[in-house]
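Me: Could you walk me through some labels people put on a protein model? I'd like to know where each label comes from.

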Amino acid sequence: MKIIETNGITYLELLEENSEWYFGTDYSCGDLYEAEEAYKEKGMVKANRLIFVHRPDGKLVEPLKLSENQYFGRPAQIDGNIYILLVDFGKQNIQVLDCGGEFQKITLYVELPLSEVKDCYNLFLKGRPLMITRQGAENDFEVIWPEKVSYEIGDTEAFLFRKDEKWVFSKWEEEPDYREEVVFRNKSGVITETIQGGSFLLPTGETWILQ
């Protein structure tokens, strides 16, 4: 049994495509969208914390401490590099920070005006390649960066990843019995294929369909 001093963060999640680094946050004002709502209501929001813990040694890294009105989204790892999503509500911008693979040097990878998005609802980093995506409450799916993509999806669909020219979504149905499907769309949103089962992305980039 190992004690890791996280200063109050008691839940960790595995980074995508990685078996060594976990991340955790204190969600001081909820998720990114809830923090945005709090900022709009009060004119300020308390910054959250983001930590990374390495397996198996339990090494803890807290690469950045934010100022008031800044808030972390979910990080991601693509092709060995760890990226952090950060929204600065005070400066009204979205930032993606490149942390490399070991947090030795953190650089600004891309910065966009917050006005590029309707809101921060389900604003995520996704891959491959690295993308900023948003899935709104009204079933609208968007790629914000590095290109602009926008179309409607089903109300039980969620974007998973892009593989070449295939945009892969998960979908669930409850009638007549619960089942899951993997939905493939093209860049215009047209469904090109549907497969029964769930999708599982391996660290190698290979995809398994679990039926």
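Reply: Sure, here are some labels, each set against its cut-off. This is a predicted model, so local features need pLDDT of at least 70 and side-chain atom pairs count only at pLDDT 80 or more, while totals for chains, interfaces and linings use all residues. Residues are numbered from 1 along each chain as its sequence is written, and side-chain values use heavy atoms, with hydrogens and water left out.

Me: Why does Arg 134 count as buried?

Reply: Buried means under 20% relative accessible area, exposed means over 50%, and partly exposed is in between (1.4 Å probe, protein chains only). Arg 134 has 2% relative accessibility, so buried it is. Glu 142 comes in at 17%, so that residue is buried too.

Me: What makes Arg 134 and Glu 142 a salt bridge?

Reply: The rule asks for a side-chain nitrogen of Lys or Arg within 4 Å of a carboxyl oxygen of Asp or Glu. Here the N to O distance is 2.7 Å, so the pair passes. Both belong to a network of salt bridges that links Asp 119, Arg 134, Asp 140 and Glu 142. A search of the whole structure finds 15 salt bridges.

Me: Is Lys 187 buried, partly exposed or exposed?

Reply: Its relative accessible area is 40%, which lies between the two limits, so Lys 187 is partly exposed. Lys 187 forms a salt bridge with Glu 147, with the closest N and O atoms 2.8 Å apart. That pair links distant parts of the chain, 40 residues apart. Glu 147, at 22%, is partly exposed as well.

Me: How do you know that β2 and β3 pair?

Reply: Strands are DSSP runs of E, at least two residues long, and helices are runs of H or I, at least four, all numbered from the N terminus. Two strands pair if DSSP finds at least two bridges between them. β2 (residues 21–25) and β3 have five bridges, in the antiparallel sense, so they qualify. Within that pairing, Gly 24 stands opposite Ile 51. β3 also has two bridges to β4 (residues 60–61), again antiparallel, and there Phe 52 has Val 61 as its bridge partner.

Me: Why is the Trp 21 and Phe 103 pair called edge-to-face?

Reply: Rings of Phe, Tyr and Trp (its six-membered ring) pair if their centres lie within 6.5 Å; planes under 30 degrees apart are stacked, over 60 edge-to-face and the rest tilted. These two are 5.1 Å centre to centre with 80° between the planes, so both tests are met. Trp 21 sits in strand β2 and Phe 103 in the loop between β8 and β9, so the pair ties together parts that are 82 residues apart in sequence.

Me: What makes Arg 185 a charge over the ring of Phe 169?

Reply: That label needs NZ of Lys or CZ of Arg within 6 Å of the ring centre and within 35 degrees of the ring normal. Arg 185 lies over the face of Phe 169 at 5.7 Å from the ring centre, so the distance fits. Lys 166 does likewise over Phe 184, at 5.5 Å. Arg 185 also meets Glu 157 in a salt bridge (2.7 Å, N to O). Glu 157 has a relative accessible area of 7% and is buried, and Arg 185, at 7%, counts as buried too.
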